[in-house]
Amino acid sequence: MENRRAGTTVKFTGHANTIRSIQVIESKKLIISAGNDRKLIFWDYEAKLQIDSFPNLHKGHIIALAVSSDSSFVVSGSYDGSLKIFSIGLKKTIKFVKKLNFTNRVYSIGISSDNSNLFCGGYNKKFFRRW
């Protein structure tokens with residue numbers, strides 16, 4: 001990952017493969033990244049340091065990330081068709097949807113502003129689902 005600001009480039013190194021999704025939480029000075037290495041990485045973007053790494057979060061590539069409006073959790077969606085809700089404060093998975101019945105892969109995730117609804121869209125279908 002690169003951060004280009006004021007004419008400088010800062011490189012964040014930690015993934016072993018393609019990065020598929022990045023979310024920024026400005027209030028916590030945090031970047032969350034995920035990708036083909038099935039790893040979720042937390043970064044302090046001011047210190048330019050990796051804070052935590054959570055390998056093998058899914059069985060397939062992590063394709064999509066979404067952060068709750070209160071920045072308490074991040075949802076990851078995978079090529080294996082699963083969703084995980086990961087607590088940012090507790091640094092652990094708090095809910096796992098093993099296999100979604102309507103898709104083989106999760107390509108997109110949305111969370112309502114009050115955090116009460118989770119939406120995801122996937123491969124091979126022409127609709128999305130609310131959880």
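N56 is partly exposed in this predicted model, with a relative accessible area of 49%, and N56 sits in the loop that joins β6 to β7. Its phi angle is near 55°, a positive value in a residue that is not glycine. The chain around N56 is built from 13 strands and zero helices, and buried residues account for 46% of its 131 residues.

**Loop residues with positive phi**

- S71 also has a positive phi, near 60°, although S71 is a residue other than glycine.
- S71 lies in the loop between β7 and β8, the latter spanning 73-78.
- Whereas N56 is partly exposed at 49% relative accessible area, S71 counts as buried because its relative accessibility of 10% falls under the 20% cut-off.

**The open sheet**

- Four strands make up an open sheet in the order β3-β4-β5-β6, and their pairing is antiparallel.
- The edges of this sheet are taken by β3 (19-25) and β6 (49-54), each of which has a single partner strand, so one side of each is left without a neighbour in the sheet.
- On average, and with direction ignored, neighbouring strands of this sheet are turned by 20° against each other.
- Between β5 and β6 the antiparallel pairing extends over five bridges, and within β6 it is Q50 that serves as the bridge partner of W43.

**Nonpolar cores**

- In the largest nonpolar core, which has 14 residues, those touching the most other members are I32, L40, F42, L65, V74, F86 and I88.
- At least two residues of this core come from each of β4 (30-35), β5 (40-44) and β7 (62-67).
- Another core, of 11 residues, lies apart from the largest one and includes A64, L83, I85 and V106.
- Once its neighbours within four places in sequence are left aside, F42 is in contact with L30, I31, I32, L49, Q50, I51, D52, F54, F86 and I88.
- In soluble globular proteins, nonpolar side chains tend to be buried together.

**The chain as a whole**

- Read along the sequence, the protein chain follows an uninterrupted pattern of strands, β-β-β-β-β-β-β-β-β-β-β-β-β.
- Of the contacts between residues at least 6 apart in sequence, 33% join residues at least 24 apart.
- The protein chain exposes about 7500 Å², of which carbon and sulfur atoms supply 48%.

Methods
Residues are numbered from 1 along each chain as its sequence is written. This is a predicted model: local features need pLDDT of at least 70, side-chain atom pairs count only at pLDDT 80 or more; totals for chains, interfaces and linings use all residues. Side-chain values use heavy atoms; hydrogens and water are left out. A nonpolar core is a set of buried Ala, Val, Leu, Ile, Met, Phe, Trp, Tyr and Cys residues joined through side-chain atoms within 4.5 Å. Buried means under 20% relative accessible area, exposed over 50%, partly exposed in between (1.4 Å probe, protein chains only). Contact means heavy atoms within 4.5 Å. Two strands pair if DSSP finds at least two bridges between them. Axes are lines fitted to C-alpha atoms, for helices over the stretch in contact, and angles run from 0 to 180 degrees between N-to-C directions. Accessible areas come from the Shrake-Rupley method with a 1.4 Å probe; for residues, only the protein chains shown count as cover.
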